[in-house]
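Dear colleague,

I am passing on the structure we spoke about, and below it you will find my notes on what came out of the analysis. Please read them with the structure open beside you.

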Amino acid sequence: MTIDANIARDSDHAKHDGYYLKYRYDTGTRQSPSYWGFGGGMREVRDRRGESSYHAVTAEMEKPLNKTIALRAQAAKLIDTRWSPWTGSSALVIKPNDRSYNEVFAERDIVDTTRAIEQKLTVETYGLSSDYRLHPEWTVVGAYFRQDFSDRNERTGKVARLLWEISPLPWLIAELNYKELDADFNGDGYFSPDELTESLALVTFRGTIFKESHALQLKVGGGEQTINREFSQDLYLVEFKARGWFTDSVGHEFTLGCKNTGDVSFAAQADDYRYCYSRLQLHRVW
């Protein structure tokens, strides 16, 4: 059984919250996961224009198809008197060996602003991603995806990452991260500029506490964000993660992060923008 809480806030006074109670039955192993599950909860979107709230029922599963390929899928029905859309995702997870991890994925979601919800806008995403370990210390990551919005906007995205796990310093990872988004137009009620690029240099500090029952990770870094090749701002990211087990049957996973443009601040000024997010999962295993 899992209690799953997702909370996000930004400096434009938008709020995105989700609260779920989920049950999952595992039928596989750590090396070959297999499970099915279901749950229920609620999802809320609030901004300066108004708010929308949904009850939700969810289902999820993962099943190996052979030794190297697994199918992962989830679906949710959002229930409201005005609009009750389906959302969900599916992925083929391909692991041909210990050095390579690949996904071919598809997703469907609502465009999560109240203006977009009033227009009943959805977005469908299709893509692939690949992680490849070039060397015990070096991993390269690449992804390409396309997004089709129901208002006929189309957006493509490219992501590239290079990670260096420094052997003499096992508690430190250095990372270069690049993302590019290209859209047909800036949507009505949601942020989608013609072109957006982000470049980040990051370091991750990691370790364990309480006799290695809890793993901690802190990621910090900075770079630049450019919109339509005209407007550039400094970009900063900080993210903290913790996971572990309080007992043999009760565990948790926790994430807290913020992304800022302009300067490092919890109170974004003028044209700066701040987006903060958190997720808490509490697990009970029988």
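To begin with one side chain, Arg 9 counts as partly exposed, because its relative accessibility is 30%. Please keep in mind throughout that this is a predicted model. The partner of Arg 9 is Asp 17, and the two side chains meet in a salt bridge with an N to O distance of 2.7 Å. Asp 17, for its part, is buried, since its relative accessibility is 4% and the cut-off for buried is under 20%. Arg 9 and Asp 17 also belong to one network with Glu 44 and Arg 46, joined through salt bridges that share partners.

In general, side chains of opposite charge can pair when their charged atoms come close. The count of salt bridges in this model comes to 25, and two others deserve a mention. Glu 165 pairs with Arg 133, with the closest N and O atoms 3.3 Å apart; this pair links distant parts of the chain, as Glu 165 sits in strand β10 (residues 154-165) and Arg 133 in strand β8 (residues 122-135), 32 residues apart. Arg 133 is partly exposed, at 30% relative accessibility. Strand β10 also holds Lys 158, which is linked to Glu 180 in strand β11 (residues 172-183), 22 residues away along the chain. The side chains of Glu 180 and Lys 158 meet at 3.7 Å, N to O, and Lys 158 is partly exposed at 35% relative accessibility.

Turning to the pockets, the second largest has a volume of about 150 Å³. Its lining includes Arg 49, Asp 80, Trp 83 and Lys 120, and the elements that give two or more residues to that lining are β4 (50-64) and α1 (114-118). The largest share, 4 residues, comes from β4. By class, the lining has 6 charged, 3 polar and 3 nonpolar residues.

On the surface there is a nonpolar patch formed by Met 1, Ile 3, Leu 21, Phe 246, Leu 280, Leu 282 and Trp 286, which together have about 730 Å² of accessible area. Of these, Ile 3 lies in strand β1 (residues 2-10) and counts as partly exposed, with a relative accessibility of 47%.

Finally, Ser 213 is found in the loop between β12 (195-209) and β13 (214-227), where Ser 213 is partly exposed with a relative accessible area of 27%. The C-alpha atoms of Ser 213 and Ile 110 are separated by 38 Å, the two residues being 103 apart along the chain.

With best wishes

Notes:
Residues numbered from 1 in each chain as written. Predicted model: local features only at pLDDT ≥ 70, side-chain atom pairs only at ≥ 80, totals over all residues. Heavy atoms only, no water. 1 Å grid on protein atoms, 1.4 Å probe; cavity = no way out; pocket = protein on both sides within 12 Å on 5 of 7 lines; lining within 4 Å. Points joined across faces, edges and corners; volume = space filled by probe spheres on them. Nonpolar A, V, L, I, M, F, W, Y, C, P; charged D, E, K, R; others polar. Patch = residues over 30% accessible without salt bridge, like charges linked within 9 Å, V, L, I, M, F, W, Y side chains within 5 Å. Areas by Shrake-Rupley, 256 points an atom, 1.4 Å probe, with all protein chains shown as cover. Salt bridge = Lys/Arg side-chain N within 4 Å of Asp/Glu carboxyl O. Buried < 20%, exposed > 50% of the residue type's maximum accessible area, 1.4 Å probe, protein only.
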